[in-house]
Amino acid sequence: MATQEPVLFANAARSGEEMCAAKASKVEQTHMSQKNSCFAYFRGSKLAAQSEDSPAVIAVNSCNMPHNPAVAFWNHCSPVAIRNLCSGWNENVHMRLQAAIQKVIDQNPIFTGKLVQKKSSLCVLPGCYKLKDLFFVTEGPSVLMPSGTLERVKFMHQVLGPYFKADLGTGLQQLAVASPVFRMEVLTLPDGMACINFAISHSLVDGAGFHHVITLINDALQEKDITPMKWGVVEQQFRKRNLKDARFFVLPATWVELAKQKLTGKSMPISSFIVDAEKCADLKQSLKRDSSFLSTNDVAVAAMAEVLPGRTTMMLKNMRKRAPGMDAHLGGNHITLVYGRFAGDPVAVRKTVSVNTKENPFLFDIATRNCHIITNWCFDALFQGAGLVTEVRCGSEPCDRPGRLWPGAFIMDADRETTLVTCTMDAKDLARGKLLSHLVRH
């Protein structure tokens, strides 16, 4: 595969490392220590950053300017990654899935690249890896499969997790060792079952972009026509306020948490629960007041806001199809933060996500870490086609979803009928939530 010119992507930014050249073909994928990944940005990293000096690059938006405070957040982010427990796996599915991925990366060669540094920006140099470097199928353990959804989620993390070898790492780690930005690993299991671990660097896509990639793979698996994603500049007026907030409030608070976890050696606790669909439907009706509609996410956010540390909730809002020039096929990170005090009030959640706000009245809470973050992955991004059926899915790394840096919760569709909530709290502490007590399926 011919090496192409570096492609700058929508959320790239300066990393702060010393630039030194290295050949990707000679670099082995390694697991960098948390010590380096946590402090590399603001202490002056000694990581061996990759650099490519090419006159031809694709311009990007203002998020790529030097000294951008958002870079530290993205560089410390784990990849966007999920695990799918699937039935119907066989050699035919193996061959067709491999062909589908080849078709997607042929149309989007950015997925064959590595992160490099171009002047003061982070970019991608396509053509560094081939399919054999990005797609793996290995034999998993012969173990008894649990039947319940929550039990299967725990099974994927606790039993199958150690069998997965591919680890993209954070943005800083990817830059340092020239690792791939796209990887899929399939663990075959007895009785035609398989667990698919799929990850893309958060420097290339956010949750919505990741969902679209899975949609492309599914369509190709079913031998449908697909079209390339769009990778380029989009003016992000909505992000200007967030960059200012990040510079003065979000980033310092993030550094404080990084330092605290480094000094204490302790990370946030993690627990998960299933939303009771029937009780949630009743809550939507009884709590909607003047709102014509409440979603499961609205109710779950309001319930988690009651028990999570901090009185202010931060949520990520996908701006595709909401801002000029941003369609659903756009790669990169096109999200904005919205804020509110939502404890026990799903209507307030609905109103906040439905309107565009220009001011953030909760900056003091952010600066003092009197807040938490809740993200939503309620997309129908389930691998399917050629007889392959996703039965349960979950985030690949529960300790990194919703993230180590802020207390919070991560809401996703574990399957087509089940909503899974993973949060940074001990399970015993969830019982004190009034709304949550009616929402958890026992």
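Two strands pair if DSSP finds at least two bridges between them. Strands (E, at least two residues) and helices (H or I, at least four) are DSSP runs, numbered from the N terminus. The model is predicted: local features need pLDDT of at least 70, side-chain atom pairs count only at pLDDT 80 or more, and totals for chains, interfaces and linings use all residues. Residues are numbered from 1 along each chain as its sequence is written, and side-chain values use heavy atoms, with hydrogens and water left out.

**Stop 1: a sheet**

Select strands S8, S15, S14, S11, S9 and S10, which form an open sheet in that order with mixed pairing. S8 (271-274) and S10 (335-340) stand at the edges with a single partner strand each, so one side of each has no neighbour in the sheet. On average, neighbouring strands here are turned by 20 degrees against each other, direction ignored. (Axes are lines fitted to C-alpha atoms, for helices over the stretch in contact; angles run from 0 to 180 degrees between N-to-C directions.)

Next, pick S9 (residues 312-318), which pairs with S10 in the antiparallel sense over 6 bridges. Thr313 has Gly340 in S10 as its bridge partner.

**Stop 2: helix H10**

Add H10, which packs on this sheet and touches S8, S9, S11, S14 and S15; contact means heavy atoms within 4.5 Å. The direction of H10 makes about 155 degrees with that of S11. Select residues 296-307 to see the whole of H10. How many of its 12 residues are buried? The count is 10, among them Asn297, Asp298 and Met304. Buried means under 20% relative accessible area, exposed over 50%, and partly exposed in between (1.4 Å probe, protein chains only).

**Stop 3: another sheet**

Now select S5, S6, S7, S2, S13 and S12, an open sheet of 6 strands in that order with mixed pairing. Its edge strands are S5 (135-139) and S12 (384-385). S6 (residues 182-189) and S7 (residues 193-200) are antiparallel and pair over 8 bridges. Val186 stands opposite Ile196 in S7.

Add helix H7 (residues 207-221), which lies across S2, S6, S7, S12 and S13 and runs at about 135 degrees to S7.

**Stop 4: the cores**

A nonpolar core is a set of buried Ala, Val, Leu, Ile, Met, Phe, Trp, Tyr and Cys residues joined through side-chain atoms within 4.5 Å. The largest has 63 residues; Phe198 and Ile217 are among those that touch the most other members. H7 gives the largest share of this core, 7 residues. Outside its neighbours within four places in sequence, Phe198 contacts residues including Val80, Met184 and Phe383.

Finish with a second, separate core of 30 residues, which includes Ala300, Met304, Val307 and Leu430.

Technical notes. The expected span of a helix is 1.5 Å times one less than its number of residues.
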